[in-house]
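The exercises below are meant to be worked with the sequence and the coordinates open side by side. Each task is followed by a solution that proceeds step by step.

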Amino acid sequence: MDPKKSTENGVEDSVASNDEDLYVCDQCSVASSVDSTAEEMLRNGLDPVLDWPSPDIYSPDEDCNLQQRKRSRLSSTCSAAGGDGRESENDGLSTERWRSLDETDVEPLQLDFTPVQEPGPKFLPSNCSSPLQFFQLFFPKTMMQSIVGHTNVYGSKCKDVGNPWLYISLKDLKSYIGLVIYTGLLKCSLLTEYWRESQYFSPSLPAHVMSYQKFVTIANTLHFSNTIEDEKNYLKKGTAAYERFGKILPLYQLIREACKTHFHPFQNITIDERIVAAQPRTGLKQSMEDKSTDRGYKLFALTDCICGYTWDFLIYEGKSCASQNVGLSYESVMALMDENMLGSGYKLFVDKFYTSPTLFRDLLCKKFWACGPVLSTRKGFPKISVNRLSKNAPRGTMRWIRDDNLLFIEWKDSQEVQMCSTFHKAYEGDTVQRKVKDDALRTLKEVPIPAVVLDYNRLVEFQ
């Protein structure tokens, strides 16, 4: 055997191995980069599947310069469309065109409103009048007793809560929940301040209800699920069978069912994201740019537009559970819009995170109407540039285009507004007062406003 040849082969193998390692590292870097970009888009109210400038989310094993494409992901839309973010006149040319205010639109087919139950409050006991009685509708005695049992079992196994474990009662749990509500209403910088004894500041209620040590002990051991089932579920971690909400699943399911049981929504409903503040360190916590709460659990909530009642909600499970085909916004709406529980003929109002032509068409197949603001860059939005709303158009100017059952509207207010609807006409003669510049003065004038904008502002924006 030739030593020289062997050495050369060893060097080649080493170089090849190093190249493979670098390639794998590059793949991991790209995957992490794509994931972080997707999370950033979600925080900014964008759906990574529907709003990514590329036709698809790049997978780590694509054989191209993904890092460079990622860096230009947000600028590519503007550069391809021009400085104002529009399609250039050479792109998307078609015999179709955007229509003006004076052109007549067809009246959409009107669906009958047939809810499964009569809208409004349901199954309320005649003696249900106090806040406590309403609270017990959502936290019945059986559930409270179950929480007490699970907490005692879990507490008896904990080694850092004192030995022996002092079993809590149903009264203790109610007292604890009452104090949690109390501390939410009366803000103190530290938890110990609620039990502080001082002649200047000393909240009297907490010390009379339970001791500080007992409150902290219950807070550290509060448990909603069976510990044996928790251990079985933990062994499944990293597999598709693992239940991320295992420890809160019984309470989660019960509250969702109670929300549906005691009220049925009226015809106008909306779905929106909410952030619930939370302290635990879990991978499920999110933040949103336009929400007052900094970080917490993201909820998708279906609420009644008239009274704001939450009829159903879902907890965001993380990017690993989101579909890469239709998008998180699509999946969350379709999961909440259950025609078997709701009925048909409902009018759904959503914000720009959810609005998409694919979603609205599929909702119409389930006999649900829908409308909401839409991003002009979203997949399915008309790319036609003929007679489109100009950048310097005066206030009240509108353009519209109909694509079968979908109506797309562009309307000039203080900024440009794009809307999509399956149940509105383009213009029904409505006007609104706006300040319009006239000979260097700003005066109030009546300007045209599309019915879809009027309804959306009335039912969603000013809830």
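**Exercise 1. Decide where the coordinates can be read in detail.**

Which residues have a pLDDT that stays under 50, and how many contacts does the model have for them?

Solution. Since this is a predicted model, begin with the confidence of the chain, which averages a pLDDT of 79, with 75% of the residues scoring at least 70. Next, take the extremes: confidence is lowest in helix H4 (residues 75-81), where the mean is 36, and highest in strand S9 (residues 347-350), where it reaches 97. Then turn to residues 3-8, over which pLDDT stays under 50 and for which the model has one contact beyond four places in sequence. Residues 280-288 also have a pLDDT below 50, but this stretch has 31 contacts in the model beyond near neighbours in sequence. Where pLDDT is low, the predicted coordinates should not be read in detail.

**Exercise 2. Describe the surroundings of helix H9.**

Which residues of helix H9 are buried, and which helices do they pack against?

Solution. Within helix H9 (residues 212-221), the buried residues are Phe215, Val216, Thr217, Ile218 and Thr221. Their packing partners are helix H6 (141-157) and helix H7 (170-185). Now add the salt bridge between Lys214 and Asp172, whose closest N and O atoms are 3.0 Å apart. Because Lys214 belongs to helix H9 and Asp172 to helix H7, this pair ties together parts that are 42 residues apart in sequence. As for accessibility, Lys214 is partly exposed at a relative accessible area of 31%, whereas Asp172, at 14%, counts as buried.

**Exercise 3. Compare two salt bridges that involve strand S11.**

Where in the chain do the partners Asp105 and Arg402 lie, and where do Arg361 and Asp403 lie?

Solution. The count of salt bridges comes to 13. One of them joins Asp105 to Arg402, with the closest N and O atoms 2.8 Å apart. Asp105 sits in the loop between H4 and strand S1 (114-115), while Arg402 is in strand S11 (residues 398-403), so far along the chain that 297 residues separate them. To classify the two side chains, apply the cut-off of under 20% for buried: Asp105, with a relative accessible area of 8%, is buried, and Arg402, with 21%, is partly exposed.

The second pair is Arg361 and Asp403, with the closest N and O atoms 2.9 Å apart. Here Arg361 lies in helix H14 (residues 357-365) and Asp403 in strand S11, 42 residues apart. Arg361 is partly exposed at 34% relative accessible area, and Asp403 counts as partly exposed at 37%.

Note on methods: Residues are numbered from 1 along each chain as its sequence is written. This is a predicted model: local features need pLDDT of at least 70, side-chain atom pairs count only at pLDDT 80 or more; totals for chains, interfaces and linings use all residues. Side-chain values use heavy atoms; hydrogens and water are left out. Buried means under 20% relative accessible area, exposed over 50%, partly exposed in between (1.4 Å probe, protein chains only). Helices (H or I, at least four residues) and strands (E, at least two) are DSSP runs, numbered from the N terminus. Contact means heavy atoms within 4.5 Å. pLDDT is the predictor's confidence in each residue, from 0 to 100. A salt bridge is a side-chain nitrogen of Lys or Arg within 4 Å of a carboxyl oxygen of Asp or Glu.
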